[in-house]
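Trainee: I've got the model open and I'd like to know where the labels come from. Can you walk me through the reasoning?

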Amino acid sequence: MLKIPLVDLAAQYAAIRPEIDSAIQRVVGRSAFIGGEEVEQFEREFAAYCDAAAAVGVGNGTDAIYLVLRALGIGERDEVVTVSHTFIATCEAISLTGARPVFVDIRDDTLLLDASKLNAAITPRTKAIIAVHLYGQPCDMDAIVDVAKSHGIPVIEDAAQAHGARWRGRRVGSLATAAAFSFYPGKNLGAYGDAGAVVSTNREIVDRVRLIANHGRREKYVHEAIGVNSRLDALQAAILRTKLPHLDDWNAARRRHADQYLRLLADSGLELPGVASRAEPVWHLFVIRTTQRDRLQREVKSHGIDVGVHYPLAIHQQPAYKYLDIPAGSLPQSERAAATVLSLPLYPELTDQQLTHVVEVVRAVVDAGVPR
Ligand SMILES: *Cc1c(COP(=O)(O)O)cnc(C)c1O
């Protein structure tokens with residue numbers, strides 16, 4: 001049986017092993033583990049990659065979102081508008097500040113924030129909007145930023161799944177007030193541990209995040225604010241610097257695989273991901289939809305092909321967010337997505353043979369379930 005994982009980190013390491021090993025040696029040899037040259041260089045290189053003014057490395061993507069909210073002064077009694085169809089971290093970061101998440105439903109085609117519903121979610125307490133570029137697809141940033149501007153509130157990009165994606169030719173990370181990235185190992189740009197970054201076209205926001213992320217200090221033992229310890233370490237920075245020059249090639253390979261899936265599954269009866277005409281996605285995940293999701297997942301897995309569900313519950317359906325008391329049925333597209341989404345294997349090193357095999361198995365399982 002041909003086994004195919006959902007992501008294959010070993011294949012990527014095998015392709016760049018000498019570069020990675022020498023980067024690790026460089027850091028260990030210098031014994032500079034927190035901050036220092038590797039971190040500063042990575043911050044400059046990643047900001048440039050995103051067409052942004054500045055970047056600051058932080059401990060992980062969840063902290064990146066939290067730190068932007070803190071830098072914008074958001075806290076108790078505030079509301080932050082976002083989507084319920086996302087990874088829990090988007091909302092955890094809001095909750096950690098003491099603010100309350102408020103949800104807008106998603107579009108049926110792209111599964112991203114539905115900007116036409118945004119205005120209705122904004123109240124006098126709304127202090128920010130978090131646009132989540134889920135699955136590597138950029139949100140409709142023109143529409144979102146328009147609504148935000150009309151209320152004078154900032155927009156934060158949750159770009160944890162979208163390193164390198166573009167909206168109308170512009171990179172995510174430079175499309176709004178500030179952006180949060182995760183370098184969790186399985187992301188399009190992944191470290192060898194936890195890591196994250198905040199990027200912005202506004203240097204002051206980046207400086208403020210840097211201060212809060214480093215115990216609220218500018219000087220060694222003078223603390224201006226109550227901060228946290230959430231820094232990017234030099235080993236991760238050196239690994240990320242080694243990988244960054246490969247990112248566009250890796251994203252291009254993901255795009256080729258996604259185009260193949262779209263072509264080979266076009267008449268399969270499955271709902272395929274929609275892409276906005278102004279979007280250039282980077283395909284962190286390739287997510288199909290079907291009402292037979294649970295059966296498909298079980299049977300495709302039994303053939304040695306790993307498929308995933310991102311995510312089986314919308315945030316308002318999670319036990320941790322029961323307290324928000326959002327009635328079932330009030331975010332219908334988000335709830336439908338949670339019940340029907342299925343992610344197929346997609347990573348740069350996926351071979352044509354593997355992809356064709358996935359398609360054959362998926363089609364066979366779908367066909368077997370259709371009564372004739
Ligand atoms: C991965 C992810 C995060 C959090 O990043 P971590 O580095 O795991 O903390 C936030 N938002 C989204 C959409 C993610 O996929």
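Trainee: Which residues form one aromatic cluster?

Mentor: Phe42, Phe46, Tyr49, Phe181 and Phe183 do. Keep in mind that this is a predicted model. Over the whole structure, a search turns up ten aromatic pairs.

Trainee: Take Phe42 and Phe183. Why is that pair called edge-to-face?

Mentor: Two checks. Ring centres have to lie within 6.5 Å for a pair, and here they are 5.5 Å apart. Planes over 60 degrees apart count as edge-to-face, and these two sit at 80°, so the label fits.

Trainee: What makes you say that the pair ties together separate parts of the chain?

Mentor: Phe42 lies in helix H2 (residues 37-49), while Phe183 is in the loop between strand E8 (178-182) and strand E9 (196-200). Those parts are 141 residues apart in sequence, so the pair ties them together. Phe42 and Phe183 are both buried, too.

Trainee: On to the ligand. Which residues come nearest?

Mentor: There are 14 residues around the ligand, and Gly61, Thr62, Gln161, Ser182 and Lys187 come nearest. Sorted by class, the shell has five nonpolar, seven polar and two charged residues. Helix H3 (61-71) and helix H4 (89-96) each supply at least two residues of it, and H3 gives the most, with three.

Trainee: How do you know that Ser182 makes a polar contact with the ligand?

Mentor: The cut-off is 3.5 Å between N or O atoms. A polar side-chain atom of Ser182 lies 2.6 Å from an oxygen atom of the ligand, so the pair falls within the limit. Gln161 passes as well, with a polar side-chain atom 2.8 Å from a ligand oxygen. For Asp158, an N or O atom of the side chain is 2.8 Å from a nitrogen atom of the ligand.

Trainee: How much of the ligand does the protein bury?

Mentor: Taken alone, the ligand exposes 380 Å², and the protein buries 93% of that.

Trainee: Now the charges. What makes Asp21 and Arg17 a salt bridge?

Mentor: The limit is 4 Å between a side-chain nitrogen of Lys or Arg and a carboxyl oxygen of Asp or Glu. The closest N and O atoms of Asp21 and Arg17 are 3.4 Å apart, so the pair qualifies. Both residues lie in helix H1 (residues 9-30), four residues apart, or about one turn of the helix.

Trainee: And why is Asp21 called partly exposed?

Mentor: Buried means under 20% and exposed means over 50%, with partly exposed in between. Asp21 has a relative accessible area of 29%, so it gets the middle label. Arg17, at 45%, is partly exposed as well.

Trainee: How do you know that Asp108 and Arg289 link distant parts of the chain?

Mentor: Their side chains meet in a salt bridge, at 3.2 Å from N to O. Asp108 is in the loop between strand E3 (100-104) and helix H5 (118-121), Arg289 is in strand E13 (residues 286-289), and they are 181 residues apart.

Trainee: Why do Asp108 and Arg289 get separate exposure labels?

Mentor: Asp108 has 36% relative accessibility, so it counts as partly exposed. Arg289 has 6%, which is under the 20% limit, so it is called buried.

Trainee: What about Arg218 and Glu224: what makes that a salt bridge?

Mentor: The closest N and O atoms are 3.1 Å apart, so they are inside the 4 Å limit. Arg218, at 58%, is exposed, whereas Glu224, at 47%, is partly exposed.

Trainee: How many salt bridges does a search of the whole structure find?

Mentor: It finds 23. Arg26, Arg30, Glu38, Glu45 and Arg241 are linked in a network of salt bridges.

Trainee: Last one: why is Thr97 called buried?

Mentor: Its relative accessibility is 11%, which is under 20%, so buried is the label. Thr97 has its place in the loop between H4 and E3, and its side chain reaches the backbone oxygen of Ile94 at 2.6 Å. Pro138 is also buried, at 2%. Pro138 lies in the loop between strand E4 (126-132) and helix H6 (141-151).

Conventions: Residues are numbered from 1 along each chain as its sequence is written. This is a predicted model: local features need pLDDT of at least 70, side-chain atom pairs count only at pLDDT 80 or more; totals for chains, interfaces and linings use all residues. Side-chain values use heavy atoms; hydrogens and water are left out. A residue is near a molecule or strand if one of its heavy atoms lies within 4 Å of it. A polar contact is a pair of N or O atoms within 3.5 Å; within protein, one must be able to donate a hydrogen and the other to accept it, and residues adjacent in sequence count only if both atoms are side-chain atoms. Accessible areas come from the Shrake-Rupley method with a 1.4 Å probe; for residues, only the protein chains shown count as cover. Ala, Val, Leu, Ile, Met, Phe, Trp, Tyr, Cys and Pro count as nonpolar, Asp, Glu, Lys and Arg as charged, and the others, Gly among them, as polar. Buried means under 20% relative accessible area, exposed over 50%, partly exposed in between (1.4 Å probe, protein chains only). Rings of Phe, Tyr and Trp (its six-membered ring) pair if their centres lie within 6.5 Å; planes under 30 degrees apart count as stacked, over 60 as edge-to-face and the rest as tilted.
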